[in-house]
Amino acid sequence: MENVVKEPRIVTRKFLARPQHEGVGAIVRRSIGRFELKYFDPFLLMDEFSVSAPAGFPDHPHRGFETVTYMLQGCVTHEDFEGHKGTIWEGDLQWMTAGRGIVHSEMPASQGTQKGLQLWINLSSKHKMTDPRYQEMASKDIPEAAKEGIKVKVIAGEALGAKSPIYTKTPTMYLDFTLKPGAHLEQPIPISWNAFVYVLEGKGIFGNSKSLPVTAHNLLLLGLGDGLEAWNKTSKPLRFVLVGGEPLGEPVAQFGPFVMNTQEEIDQTIEDYENCTNGF
Ligand code: FJE
Ligand code: FE
């Protein structure tokens, strides 16, 4: 492969996401959004979730950011207060811009354990009160590319010549990579963006070819540079997601599922939610 990455980013921090309780009877492995890593601008939360009926995430609100749900196993049904309803099947993607307000439920849609990733991306002050919007992509429609032992599903952004149609208000890339044994990846990342890797399966070497292998449920923050280098030096497949975004550089005031810039805006949001006004 030609040298597409000139200054590879190295791994600056590693977090193992351990299971914790969330919602009603659901389990999440939280990496971003936990106490030690409250915010990785523009990312507010990264959960690898696991739910079995009757557990789930019953009616709850969101304001000021986007939620991105990507199903790994099984399916969840969502329904909001405007009657927008659907099932996110295995491999499908839902990119939800909560904007000024969405109240919805996210519940398992079949028997057994339903697993996925949920990422929360912050919106800039000028977009926080935007109209709510959904972008949905079925598994078969997610652009895919393959080259030299590397397969990628392009959820957002561009990789190996494949490009996602998802519009990201906060510029974001979201790539689902599978590397065959022996494969070596070089993926460009815009230089000013924050980026992380979350390992789903197998053992990978990231950043520096001499670094120690990293296993599933670990989140790796990447340092400065123009891209990621990764290697699969094992005899089994390696699967991970690479997520990057342009930092907003704005103050964050958060109260659970409400994310604004100031405490006054949070107070207003709580009032709006209680009174069903300004979007709720
Ligand atoms: C939420 C607690 C929550 N991670 N992963 C508080 F559980 C939630 C929430 C979720 C969630 C939903 C899915 Cl489908 C997957 C998740 C947290 O809904 F929004 C708040 N505020
Ligand atoms: Fe939600």
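Helices, of at least four residues, and strands, of at least two, are DSSP runs here, numbered from the N terminus. Keep that in mind for the percentages. One caution before we start: this is a predicted model.

Let's take the two domains. UniProt, in an unreviewed entry, annotates residues 28–121 as "domain: Pirin N-terminal". What is the make-up of the chain over residues 28–121 in helix and strand? Helix is 0%, and strand is 60%. The C-alpha atoms at the two ends of that stretch are 17 Å apart.

Next, the other domain. The unreviewed UniProt entry lists "domain: Pirin C-terminal" at residues 174–279. Here we have 12% helix and 42% strand. The end C-alpha atoms of this stretch are 29 Å apart.

Now the ligand. Where does ligand 1 sit? The space it takes is the largest pocket. Look around it in the model. From the start of the chain, the neighbours are Glu-22, Gly-23, Arg-30, Asp-47 and Phe-49, followed by Phe-57, His-60, His-62, Glu-106, Gln-118, Trp-120 and Pro-257. The protein covers 88% of the 450 Å² of accessible area that ligand 1 has on its own.

How does that shell divide by class? It has four nonpolar, four polar and four charged residues.

Which strands supply the shell? β4, residues 43–51, β5, residues 57–62, and β11, residues 114–122, each give at least two residues. The largest share is three residues, and that comes from β5.

Two pairs of atoms deserve a look. At Asp-47, an N or O atom of the side chain is 2.7 Å from a nitrogen atom of ligand 1. At His-60, an N or O atom of the side chain is 3.0 Å from an oxygen atom of ligand 1.

Stay with His-60 for a moment. The unreviewed UniProt entry marks His-60, His-62, His-104 and Glu-106 with the feature "binding site". These residues are spread over 47 residues of sequence, yet they cluster in space, with a largest C-alpha distance of 12.5 Å. Which of them help line the largest pocket? His-60, His-62 and Glu-106 do. And His-62 has its place in strand β5.

Last topic: the backbone. In general, most peptide bonds are trans, and most residues other than glycine have a negative phi. Here are some exceptions.

Start with Asp-41 and Pro-42. A cis peptide bond joins them, with omega at about 5 degrees. Pro-42 lies in the loop between β3, residues 26–30, and β4.

Move on to Ala-53 and Pro-54. The peptide bond from Ala-53 to Pro-54 is cis too, with omega near 5 degrees. Where is Pro-54? In the loop between β4 and β5. Both of those strands came up with the ligand, as suppliers of its shell.

Then Leu-160. Its phi is near 45 degrees, a positive value in a residue other than glycine. Leu-160 is in the loop between β15, residues 158–159, and β16, residues 162–163.

To recap: ligand 1 takes the space of the largest pocket, β5 gives the largest share of its shell, and the "binding site" residues from the UniProt record cluster in space. That's it from me.

Definitions and conventions: Residues are numbered from 1 along each chain as its sequence is written. Chains are lettered from A and ligands numbered from 1 in the order in which they are written. This is a predicted model: local features need pLDDT of at least 70, side-chain atom pairs count only at pLDDT 80 or more; totals for chains, interfaces and linings use all residues. Side-chain values use heavy atoms; hydrogens and water are left out. A residue is near a molecule or strand if one of its heavy atoms lies within 4 Å of it. A polar contact is a pair of N or O atoms within 3.5 Å; within protein, one must be able to donate a hydrogen and the other to accept it, and residues adjacent in sequence count only if both atoms are side-chain atoms. Accessible areas come from the Shrake-Rupley method with a 1.4 Å probe; for residues, only the protein chains shown count as cover. On a 1 Å grid over the protein atoms alone, a cavity is a set of points where a 1.4 Å probe fits but cannot get out, and a pocket is an open set with protein on both sides within 12 Å along at least five of seven lines; lining residues have an atom within 4 Å of a point. A molecule sits in a cavity or pocket if more than half of its atoms lie within 2 Å of its grid points. Ala, Val, Leu, Ile, Met, Phe, Trp, Tyr, Cys and Pro count as nonpolar, Asp, Glu, Lys and Arg as charged, and the others, Gly among them, as polar. UniProt positions are given in the numbering used here, feature names are shortened, and annotations may be inferred rather than shown by experiment.
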